[in-house]
Amino acid sequence: MIAADIETGVARLRDLVDEADVVVPFTGAGISTECGIPDFRSPGGLWTKYQPIGFDEFLASAEMRSESWRRRFAMEKQFSTARPGCGHLALTSLHRSGKIPAVITQNIDNLHQASGFADHNVVELHGNTTYATCLDCGRRYELGWVRERFEAAGSPPDCEACGGYIKTATISFGQAMPEAAMQRAEQLANTCELFLAIGSSLVVWPAAGFPLLAKRRGARLVIINRDPTDFDDVADLVVHADIGRTLEPFIAH
Ligand SMILES: [Zn+2]
């Protein structure tokens, strides 16, 4: 059912949330656009202007590693000043009420953690861009540390422990999906009673398989997204509206 308007959608969503003991949200770029984080894939988005740097290119070329870091530093103001929006805060309220065990996200912006989810309750399918790790030994590095050395040397530093390449903790195109996160997301989709797909166009596989998995396991499926998705037909409720406005009534005050 596609909600006729936002009020109808919110009322129906409230019933579905009340009826479910275990709610699992799956969030995409749309939940963070109100926070000033651009949707890279959208028309006019960053990735329509710059070809993304694939993982193989990052490994193969020092110039691509430098370019990748230059682009990341150019985005730093947007990422470091972004604050959780109404969508994030609503999910945190439902998490604190005991309904939501964890959130699955395609986002790399750390805003679910910033809104009050513990790290281990945010299942990041595409990693996290707010810090970096060594690709070989996994040691964590802060972006300020990387930037200082990049600006002094004109190229990004290598790992102090093992000499490996340091990269933002994101999953690049061509990089393997994080296995533990994929398993946890599958387990959450398998065991929830209500699956909320929020702000995702649901086109990026394999992540887009989770709503269908949940539905097949008997969960109800709600899609909240500005634009139609390929899964609108199978959802129990579809709300084509602004995510912050749709979820704001679920923020506990
Ligand atoms: Zn290392």
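The following legends describe close-up views of a predicted model.

**Figure 1. Zinc coordination by four cysteines in the predicted model**. The SG atoms of Cys134, Cys137, Cys159 and Cys162 coordinate the zinc ion at 2.3 Å. The angles that these four donor atoms subtend around the zinc ion run from 97 to 118°, which makes the arrangement tetrahedral. For four tetrahedral donors, the ideal angle at a metal is 109.5 degrees. Along the sequence, the donor residues follow the spacing C-x2-C-x21-C-x2-C.

**Figure 2. Accessibility of the zinc donors Cys134** **and Cys137**. Cys134 has a relative accessibility of 3% and therefore counts as buried, the limit for this class being under 20%. Cys137, at 42% relative accessibility, counts as partly exposed.

**Figure 3. Helix H1 and its buried face**. Helix H1 comprises 14 residues, 6-19. From the first C-alpha to the last, H1 reaches 20 Å, close to the 20 Å expected at 1.5 Å a residue. The buried residues of H1 are Ile6, Gly9, Val10, Leu13, Leu16 and Val17. Viewed down the axis of H1, the buried residues fall within an arc of 125°, so they line one face of the helix. An α-helix has 3.6 residues a turn, so residues three or four places apart point the same way. Glu7 and Asp18, on the other side of H1, are exposed.

**Figure 4. Surroundings and start of helix H1**. The elements covering the buried residues of H1 include three strands and two helices: strand S7 (194-198), strand S8 (220-224) and strand S9 (237-239), together with helix H6 (86-96) and helix H11 (243-247). At the start of H1, the backbone nitrogen of Glu7 lies within 3.2 Å of a side-chain oxygen of Asp5.

**Figure 5. Helix H9 and its buried face**. The 13 residues of helix H9 (residues 179-191) should span 18 Å at 1.5 Å a residue, and the end C-alpha atoms of H9 are 19 Å apart, which agrees. Ala181, Met182, Ala185, Leu188 and Ala189 are buried in H9. These buried residues fall within an arc of 130° when seen down the axis of H9, so they line one face of the helix. Glu179, Ala180 and Gln183 are exposed on the other side of H9.

**Figure 6. Elements covering the buried residues of helix H9**. Strand S1 (23-27), strand S2 (103-105), strand S3 (122-124) and S7 are among the elements that cover the buried residues of H9, as is helix H10 (209-216). Strand S7 (194-198) is also among the elements that cover the buried residues of H1.

Notes: Residues numbered from 1 in each chain as written. Predicted model: local features only at pLDDT ≥ 70, side-chain atom pairs only at ≥ 80, totals over all residues. Heavy atoms only, no water. Donors = N, O, S within 2.8 Å, 3.2 Å for Na, K, Ca; no water. Tetrahedral: all angles 85-135°; square planar, octahedral: opposite > 155°, others 65-115°. Buried < 20%, exposed > 50% of the residue type's maximum accessible area, 1.4 Å probe, protein only. Helix = DSSP H or I, 4+ residues; strand = E, 2+ residues; numbered from the N terminus. Expected span 1.5 Å × (residues − 1). Arc of directions from axis to C-beta. Contact = heavy atoms within 4.5 Å. Polar contact = N/O pair within 3.5 Å; in protein donor to acceptor, adjacent residues only side chain to side chain.
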